[in-house]
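Visitor: I should like to learn how to read the features of a protein model. May we take them one at a time?

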Amino acid sequence: MIHRVYTRDWYFNAGIIGFLKVIVDDKKFEDIKGLKIGENFIEFENSVLDDFEEKFVKQAFLKFFKKNIYLTRLEKNLKEIEKKKKIKLDSEIEKIEKSPYENFLKLLDVPIDDSQNKKELVSKLEKSIESLKKSTDLKIFNILDSKEDGKKSISNFVKIKLKGICSPNIEKYIEDISIIDDKKKLKSHEICLSCQTRKATKNFNNAISNIIGFNKDNSNWSWGYKSDHIKICPVCCLIYNCAFISFVYILRKVEQNWLNYFYLMNYNANLKEFYQKVEEFELELNQNSDKAFYVIIREMTKLINLKHVDNIRNNINFIEIVDNPILKGQSTKGYNVYNYNLDKDIATFLYPFFFEKKFPIGFYKIKDTYYPVDEELLKLAIQRQIDYQLVYKFINMTISKSIETKYNLQKIVFFIFEYIQKMKGKKMDNKTASKKGFKSGIDLRNKLFSAKKENQIDGLIYGFLNDLKLGDREKFLDKYIRTIMSHRLPSLFAQSEMLDTDSFFQFGYSFVNGLLYIDRDKEENDKNNDNNKLTQEE
């Protein structure tokens with residue numbers, strides 16, 4: 001029997017791409033008998049599903065098993081063992097070989113279970129780590145899959161990782177697809193909610209995924225009716241359950257929690273082109289997993305500018321799916337799903353920062369969590385939420401004693417100024433205002449240092465920042481004139497800064513930025529000179 005599946009919502013489309021990735025399994029589309037790919041549909045015969053479950057498990061394992069994460073875990077185990085004066089061998093070995101990596105070292109032929117003492121365990125674990133460093137995720141899978149106990153360990157790993165992401169009933173869906181009777185006339189209440197073609201037999205709840213669908217633990221009160229009133233067919237069930245395979249998976253530490261992040265570039269082109277873009281996107285993101293958001297926006301920006309796409313919102317967007325423990329049900333997981341669009345004017349603005357200029361990078365750290373500057377700026381940019389208050393935030397963090405910062409404030413401020421001007425449809429006429437303000441701030445800073453009054457800088461910065469936050473030009477100007485004149489410096493604040501809001505903010509924040517400015521090159525030269533003097537004295 002031939003089954004036809006059309007593209008639909010973004011999650012279903014992701015499922016079609018995931019389904020294709022499973023059945024292709026490193027082959028070419030043309031080599032798969034019984035498969036046809038149209039511009040907005042796929043057709044497949046029952047024979048295509050003959051070894052589907054085994055390929056599905058393989059794709060699931062390779063999606064969630066990350067060698068580097070496994071190695072990090074083993075290295076942590078090693079350090080903990082080395083710190084202990086005495087250990088219980090069985091307990092330590094059990095801890096290392098427990099789920100979700102059940103007996104992996106033993107099955108990968110780098111066993112530690114025959115260790116006789118702490119010294120031997122440490123030695124064997126070190127050798128295991130070094131051996132695994134030379135391996136790949138695929139090689140590890142192949143070794144495990146070649147053994148009966150290894151297959152069981154793979155199955156256990158996949159089952160744990162897929163909880164809440166897809167149904168454990170893949171085998172049942174395949175069995176039900178093979179006996180579909182398309183000749184029987186269906187009543188209206190029997191038709192699949194998704195495809196509107198086949199008979200609906202499966203509940204559209206968390207048996208599909210916690211990411212979409214109805215949560216069986218809370219659907220009765222959140223939706224007002226029973227989730228089992230909504231049903232879909234086994235073909236659509238299988239497609240939905242393959243969606244995660246097309247996502248890029250990244251494990252990130254946020255505060256004290258390790259959270260799952262999934263990313264998908266949703267490209268409304270023909271299916272073969274969409275498939276290719278997903279493959280390219282995954283390869284790029286896996287190589288730069290620590291800069292996921294940056295890579296996503298960069299690739300979308302490049303695609304939009306190269307393709308000259310006009311109606312962006314109908315063609316390209318990307319999805320971010322993040323664990324949300326607060327949304328958990330009694331037996332489920334919760335997720336936040338974010339849909340990001342990149343408008344053409346923003347893509348045009350960002351393009352030179354990605355491919356000609358340098359994009360502001362760095363981070364700030366609050367408590368134990370690192371916040372990448374580029375990711376924050378990009379999210380705010382595409383959501384059109386950048387304004388002068390963001391300059392205030394970054395300057396305020398720079399002078400904060402409780403926040404660790406490592407970024408180039410000048411580059412961040414310039415990016416924000418240029419973004420605001422671009423979105424307002426203005427040219428960068430206010431560069432003059434920002435240059436004047438920056439110069440005036442540096443001149444005052446130098447004066448204060450030469451007079452050994454640098455301890456006054458923080459107080460001045462807080463005062464000026466408060467006026468800028470409130471947008472009070474008169475107070476700012478009064479404070480500025482008195483401060484400048486008292487140090488016998490020329491006032492660079494002109495009528496344009498008083499009359500034009502953008503000129504005022506760009507002069508004011510650039511002035512504060514100048515007060516904060518540190519000449520990194522000069523600082524490095526001074527350090528080198530001091531080191532040379534010390535060497536000569538020695």
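Guide: We shall consider a strand, a surface patch and a loop in turn. Please keep in mind that this is a predicted model.

Visitor: Which residues of strand β1 are on its covered face, and which on its uncovered one?

Guide: A strand may be read by its two faces. In β1, which spans residues 2-6, His3 and Val5 make up the covered face. Ile2, Arg4 and Tyr6 belong to the uncovered face.

Visitor: How many bridges join β1 to strand β3?

Guide: Strands are also read by their partners. Five bridges join β1 to β3 (residues 41-45), and the two strands run antiparallel. Within this pairing, arginine 4 stands opposite glutamate 43 of β3.

Visitor: Let us turn to the surface. Which residues form a negative patch?

Guide: Glu53, Glu54, Glu171 and Glu175 form a negative surface patch. The elements that contribute two or more residues to this patch are α2 (52-64) and α9 (170-177).

Visitor: Is glutamate 54 buried or exposed, and why?

Guide: Glutamate 54, a residue of helix α2, has a relative accessible area of 54% and is therefore exposed, because the term applies over 50%.

Visitor: Where does serine 289 lie?

Guide: Serine 289 is in the loop between α12 (271-287) and α13 (292-307). Its relative accessible area is 37%, so serine 289 is classed as partly exposed; the class covers values between 20% and 50%.

Visitor: How far apart are serine 289 and valine 248 in sequence and in space?

Guide: The two separations are read independently. Serine 289 and valine 248 are 41 residues apart in sequence, and their C-alpha atoms are 9.2 Å apart in space.

Technical notes: Residues numbered from 1 in each chain as written. Predicted model: local features only at pLDDT ≥ 70, side-chain atom pairs only at ≥ 80, totals over all residues. Heavy atoms only, no water. Patch = residues over 30% accessible without salt bridge, like charges linked within 9 Å, V, L, I, M, F, W, Y side chains within 5 Å. Areas by Shrake-Rupley, 256 points an atom, 1.4 Å probe, with all protein chains shown as cover. Salt bridge = Lys/Arg side-chain N within 4 Å of Asp/Glu carboxyl O. Lys, Arg positive; Asp, Glu negative; His and termini not counted. Charge placed at Lys NZ, Arg CZ, Asp CG, Glu CD. Helix = DSSP H or I, 4+ residues; strand = E, 2+ residues; numbered from the N terminus. Buried < 20%, exposed > 50% of the residue type's maximum accessible area, 1.4 Å probe, protein only. Pairing = 2+ DSSP bridges.
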